[in-house]
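Biologist: Please show me the model. I want the reason behind each label.

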Amino acid sequence: MSDTAEIQQSQEEGRRRLRPSLTDPSWLVLSKRREIFTQWLGRFDHSNAIVLDVGGRIQPYRSLINDRLSRYIAVDLRLTPLVDIVGNAAQLPFRSDCFDLVFCTQMLEYAPDPRQAIAEVHRVLKPGGFLLLSVPAVHPQDSERDAWRFLPAALRELLKEFSEVDLAPEGSSVTGLIRTINVCLVSFTSAVALQSLLRFTVVPMLNLLGTLSEMLKLTANTSFTANFSVLARK
Ligand SMILES: C[S@@+](CC[C@H](N)C(=O)[O-])C[C@H]1O[C@@H](n2cnc3c(N)ncnc32)[C@H](O)[C@@H]1O
């Protein structure tokens, strides 16, 4: 595959994560995350910001601040055309106090030592700089390297060196339940034709049902919330 085609493929993957289709099993949480991140990022002036994306292979949230930043650096274990530096979150190859904003979305669950990864993010952030984190709380294991799930108490403990921590559930327990059913339906089905059928019938219906439940505020329960977003200030 040519470099241009690879860049387009990674960007397309990022776009699908930022603006998923209704047939995406994770539509509810991804849409909610976009809403939360847009709101949080809108609070700050990021002109001339130097941004780091840890696990930045596809950079779904880059376009939310694209026109306002000075530099965007992506570090990831895997080299793709969007990755600037191949590196490990456990030992970030940057000096201390140099980033205004760090994205770390859906990466921490793969870090063998999340405490170390967070300590590294804290080290490289400028004083007053922000971390935007998104982590799974409930999700079927997706690979052998998938190691952790995070609940609010653990997140607060992990982030205790930060001066402010704002935690937002990416939907209620109903969303968590529907997302889990969607993911299980699609990933436990090996027949491709049946998988497509589910994606175009049951998955969108359940996604719409979840939206209705959130709109009607049927529950504020978050004990089965699928993911949490976090805004933490150094
Ligand atoms: C599920 S993808 C998430 C991509 C993107 N951040 C997002 O929100 O969609 C996880 C990414 O984290 C990277 N990753 C996993 N462990 C890492 C580590 N210890 N250091 C740096 N990157 C890591 C993987 O290579 C992968 O690209």
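Biologist: Which pocket does the ligand take up?
Modeller: In this predicted model, the space taken by the ligand is the largest pocket.

Biologist: What makes Arg17 a polar contact of the ligand?
Modeller: The cut-off is 3.5 Å between N or O atoms. A ligand oxygen is 2.6 Å from an N or O atom in the Arg17 side chain, so the pair counts. How much of the ligand does the protein bury? Taken alone, the ligand exposes 600 Å², and the protein buries 94% of that.

Biologist: Why are Asn88 and Thr105 also called polar contacts?
Modeller: The limit is again 3.5 Å. For Asn88, a ligand nitrogen is 3.0 Å from a side-chain N or O atom. For Thr105, a ligand oxygen is 2.6 Å from a side-chain N or O atom. Both pairs therefore qualify.

Biologist: Which residues are closest to the ligand?
Modeller: Arg17, Arg57, Asp76, Ala89 and Thr105 are the closest of the 15 residues around the ligand. That shell divides into six nonpolar, five polar and four charged residues.

Biologist: What is the strand order in the open sheet?
Modeller: The seven strands run β3-β2-β1-β4-β5-β7-β6, with mixed pairing. Strands β3 (85-86) and β6 (164-169) are the edges, as each pairs on one side only.

Biologist: How do you know that β1 and β4 pair?
Modeller: Pairing needs at least two bridges. Strand β1 (residues 49-54) and strand β4 (residues 99-105) have three, in the parallel sense, so they pair. Asp53 stands opposite Phe103 in β4.

Terms used:
Residues numbered from 1 in each chain as written. Predicted model: local features only at pLDDT ≥ 70, side-chain atom pairs only at ≥ 80, totals over all residues. Heavy atoms only, no water. Near = heavy atom within 4 Å. Polar contact = N/O pair within 3.5 Å; in protein donor to acceptor, adjacent residues only side chain to side chain. Areas by Shrake-Rupley, 256 points an atom, 1.4 Å probe, with all protein chains shown as cover. 1 Å grid on protein atoms, 1.4 Å probe; cavity = no way out; pocket = protein on both sides within 12 Å on 5 of 7 lines; lining within 4 Å. Sits in = over half its atoms within 2 Å of the grid points. Nonpolar A, V, L, I, M, F, W, Y, C, P; charged D, E, K, R; others polar. Helix = DSSP H or I, 4+ residues; strand = E, 2+ residues; numbered from the N terminus.
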